[in-house]
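Reader: Please set out the side-chain packing and charge pairing of the following model, with the cut-offs applied.

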Amino acid sequence: MIFNGISCRFSTVNSMQYEAIGEYWDFFSAIYGRDNIKGLGYNWSSDSIEYVIGLIDEKLSFDLSKIQEKYPNAIYKKIGLPEHEWKCYRGKTEHLVQMYEQIYSEGILTYEIESFTGEGTCEILICRDNFNEIRVATKQDAKALLDIYSTYVDNTAITFEYTVPTLEEFAERISVTLQKYPYLVAEHNGVIIGYAYANAFKTRAAYDWSVETTIYMNKDYQSMGVGKLLYDRLEEILAKQGILNLNACIAYAEIEDEYLTKGSVSFHEKLGYKLVGRFHKSGYKFNRWYDMIWMEKHIGSHEENQTPIKLFKDIID
């Protein structure tokens, strides 16, 4: 199957692609009519997506020079697509956000084809690559996880750690966490692409029902729904342990820069976390001061006679 069309690349930072691709659709709709075009999203990277507008009516044709007046980087492309393994979603255009929430919750996308009608309906065709599984981490995963984490240490203020841990130190962190809490990895075609874990919020007994949650993704697999899958599975396990409060400690920049965006805050907000506190200029990295915020999510009922929590090793299947 071949998809022909006009391609542009759009930033996915802070979900910017939705508004930008919407404007892309509006531009082509004004020329060809919304019922006569379709869109293909593919070729995701750590911070962008390639999006192609194609024509449904083969009698129509593109005027590339006119299009490039609005989108100078637009090019004509032919993309070969798989013939099989497509899943179709249909619904009202007004419910598009909810449709994509469901789509992203089901795993990594390789291709998505969208079409809309004047009657307010839409059809989304989804093709997924081989997303293998979410599983419990082991010490043997330390190198793969450290490869992901080191990028954040060296190039971002997402973590306030200055120096990349040694492999031995990182492996020990995994082992210590697994004594009490879940430590999960996501694999794609046998390669680890992200991980999430919980750890003690505070060590005193009164805090037993609270944890701090952490997630890191390979940047080439961000904005594909894998982070949500990891956190959903983490939350499911923590609930079985009897954990009630999830807390996320997040570096925050009032004005985004090359080291830190508000992406993590947006991610946690979408998963139901609420802002509960902010510490101003509490972290210093790359010769800049950053704030730190706490977000929380309750996943259980707080009782007068609270049941003690269970260790992860005692509930794992």
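Reader: Is Y284 buried, partly exposed or exposed?

Author: The model is predicted, so local features need pLDDT of at least 70, side-chain atom pairs count only at pLDDT 80 or more, and totals for chains, interfaces and linings use all residues. Residues are numbered from 1 along each chain as its sequence is written, and side-chain values use heavy atoms, with hydrogens and water left out. Buried means under 20% relative accessible area, exposed over 50%, and partly exposed in between (1.4 Å probe, protein chains only). With a relative accessible area of 37%, Y284 is partly exposed.

Reader: Which residues make a nonpolar surface patch with Y284?

Author: Patches are made of residues with over 30% relative accessible area and no salt bridge, like charges being joined within 9 Å and nonpolar side chains (Val, Leu, Ile, Met, Phe, Trp, Tyr) within 5 Å. Accessible areas come from the Shrake-Rupley method with a 1.4 Å probe, and for residues only the protein chains shown count as cover. Y284 itself lies in strand 13; helices (H or I, at least four residues) and strands (E, at least two) are DSSP runs, numbered from the N terminus. The patch has an area of about 380 Å², and the partners of Y284 in it are Y162 and W289.

Reader: Which residues touch the most other members of the largest nonpolar core?

Author: A nonpolar core is a set of buried Ala, Val, Leu, Ile, Met, Phe, Trp, Tyr and Cys residues joined through side-chain atoms within 4.5 Å. The largest has 77 residues, and those that touch the most other members are Y24, F28, F170, Y183 and Y195.

Reader: Which helix gives the most to this core?

Author: The contribution in question is 7 residues. It comes from residues 142–155, which form helix 4.

Reader: Which residues of helix 1 are buried?

Author: Helix 1 comprises the 16 residues 17–32, and its end C-alpha atoms are 22 Å apart, in agreement with the expected 22 Å; that span is 1.5 Å times one less than the number of residues. What covers its buried residues includes strand 1, strand 2, strand 3, helix 2 and strand 6. The buried residues are Q17, I21, Y24, W25, F27, F28, S29 and Y32.

Reader: Which residues does F28 touch, leaving aside those up to four places away in sequence?

Author: Contact means heavy atoms within 4.5 Å. One of the residues touched is G33, which follows helix 1 and has a positive phi, near 90°. The full set is I6, G33, I37, I53, F62 and I67.

Reader: How many salt bridges does a search of the whole structure find?

Author: A salt bridge is a side-chain nitrogen of Lys or Arg within 4 Å of a carboxyl oxygen of Asp or Glu. Salt bridges link R9, E50 and K77 in a network. The search of the whole structure finds 19.

Reader: With which residue does R135 form a salt bridge?

Author: The closest N and O atoms of the pair are 3.0 Å apart. R135 is in strand 8 and its partner in strand 9, 52 residues apart. The partner is buried, at 12% relative accessible area. It is E187.

Reader: Which residue meets R278 in a salt bridge?

Author: The N to O distance is 2.7 Å. R278 lies in strand 13 and its partner in strand 14, so the pair ties together parts that are 13 residues apart in sequence. R278 is partly exposed at 33% relative accessibility, whereas its partner is buried at 8%. That partner is D291.
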